[in-house]
Amino acid sequence: MPHDDSRPLGDRVNDIRTQLGLTQPVGTVVVPTGNGPDGRPYRLDSPVSDLPPANRHGLTPGQEGMTIGELMGVPPEVMRDDPEFAQSPARDTLDQNGGGGYGSANRVLMLDDRHNDNATLFHELGHARQHEEGFTGQNSQVTLLEFHNVLTNENAFHGANGNNPRLDYVPVQGERPATTWDGLRTWLEGDGRPVNGIRPLDEAHRQQSLALYSQIEQLTGPGGRYAADGDRIRENLIKELFREVAVVHRVEGATHYADPAVGHGK
């Protein structure tokens, strides 16, 4: 599947779902970055049903009856208590999450129309595949989740199109790794010692994060798909993890987005 694809959204989503082996339905919404028929941007409190029909695929009747913000996972009470936030352009919240994201609560991926391409769909539907396997932004460390998704799902698109595989998530230049690969496992296991001032994970995130670590270790170790670039990938992951943890929490607090950790990161 090429990056640019003129087929309807639903056709492309269904094709990628099949290629990734997804067994459960996933809703998809593309939010225009331009204005709606009323001359105003689509807002967080705009009804999902106001979006053009071609921009909605696979939603349940209940989801069609939500606002855009609710479908993102923003609690209704937040929208009620913060009218200024509720009336803000939905595109701004998506932009703060890299142009899109997958929300595990509603099993819906949402993109703005600047990121409505097949590479991004592979990445976001990859998060849906991870969800089916038991990994979400609610139970797994964010950077491990993203690296695993890039290596196992998004790179299926790049490989099919003859592109080089992606070996990082948010590149960090000129920094030394904060710990070793074995040291990362020790941190994940929770020995109580912080790395770069970041405390070990809580119990809610530890088990699935260690499972992701083990899968990435297999992919990047001897005999793994990425063995030739294994050391580089592991170094990139460590650099990004111990820089990105604090950033993710800051974004989460600023946007009220329920699942900000699973954007496409481009």
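1. In this predicted model, helices α1 and α7 are oblique to each other, because their axes cross at roughly 55°, an angle that falls outside the ranges counted as parallel, antiparallel or perpendicular. Helix α1 spans residues 9-20 and helix α7 residues 118-132, and their axes come within 10 Å. The crossing of α1 past α7 is right-handed.

2. The residues behind this contact can be listed for both helices. From α1 come L9, R12, V13, I16, R17, Q19 and L20, and from α7 come N118, L121, F122, L125, G126 and R129. By class, seven of the contact residues are nonpolar, three are polar and three are charged.

3. The sheet is open and consists of four strands in the order β2-β1-β4-β3, with mixed pairing. Strands β2 and β3 (100-103) lie at the edges; each has a single partner strand, so one side of each is left without a neighbour in the sheet.

4. Strand β1, residues 27-31, is mostly covered, with five of its five residues buried. The burial applies to both faces of β1: G27, V29 and V31 are buried on one side, and T28 and V30 are buried on the other. This division follows a general pattern, in which the side chains of a regular strand alternate between the two faces of the sheet.

5. How do the pairings of β1 with β4 and with β2 run, parallel or antiparallel? With β4 (residues 108-112), strand β1 pairs in the parallel sense over five bridges. Within this pairing, V29 has M110 as its bridge partner, and V30 stands opposite L111. With β2 (residues 56-57), strand β1 pairs in the antiparallel sense over two bridges; here T28 is partnered by H57.

6. Strand β4 is largely enclosed by the rest of the structure, since five of its five residues are buried. V108, M110 and D112 point one way from β4, whereas L109 and L111 point the other way, and all are buried. A reader inspecting this strand may note that D112 is among the buried residues.

7. Strands β3 and β4 pair in the antiparallel sense over four bridges, with G103 standing opposite V108 of β4. The two strands form a hairpin with four residues between them. In the turn, R107 has a positive phi of about 55°.

8. A second helix pair is formed by α9 and α10, whose axes are 9 Å apart and which pack at an angle of about 160°. That angle makes α9 roughly antiparallel to α10, because angles over 145 degrees are counted in that way. The crossing of α9 and α10 is left-handed.

9. In the contact of this pair, W181, D182, L184, R185, L188 and E189 of α9 meet R206, S209, L210, Y213, S214, I216 and E217 of α10. The classes represented are six nonpolar, two polar and five charged residues.

10. Where is G197 placed? G197 lies in the loop between α9 (181-189) and α10 (203-220). Its relative accessible area is 68%; G197 is therefore exposed, as the cut-off for that class is over 50%. G197 and P47 are 150 residues apart in sequence, and their C-alpha atoms are 42 Å apart in space.

Key: Residues are numbered from 1 along each chain as its sequence is written. This is a predicted model: local features need pLDDT of at least 70, side-chain atom pairs count only at pLDDT 80 or more; totals for chains, interfaces and linings use all residues. Side-chain values use heavy atoms; hydrogens and water are left out. Axes are lines fitted to C-alpha atoms, for helices over the stretch in contact, and angles run from 0 to 180 degrees between N-to-C directions. Angles under 35 degrees count as roughly parallel, over 145 as roughly antiparallel, 65 to 115 as roughly perpendicular and the rest as oblique. A crossing is left-handed if the near helix is turned anticlockwise from the far one by less than a right angle, and right-handed if clockwise. Contact means heavy atoms within 4.5 Å. Ala, Val, Leu, Ile, Met, Phe, Trp, Tyr, Cys and Pro count as nonpolar, Asp, Glu, Lys and Arg as charged, and the others, Gly among them, as polar. Buried means under 20% relative accessible area, exposed over 50%, partly exposed in between (1.4 Å probe, protein chains only). Two strands pair if DSSP finds at least two bridges between them.
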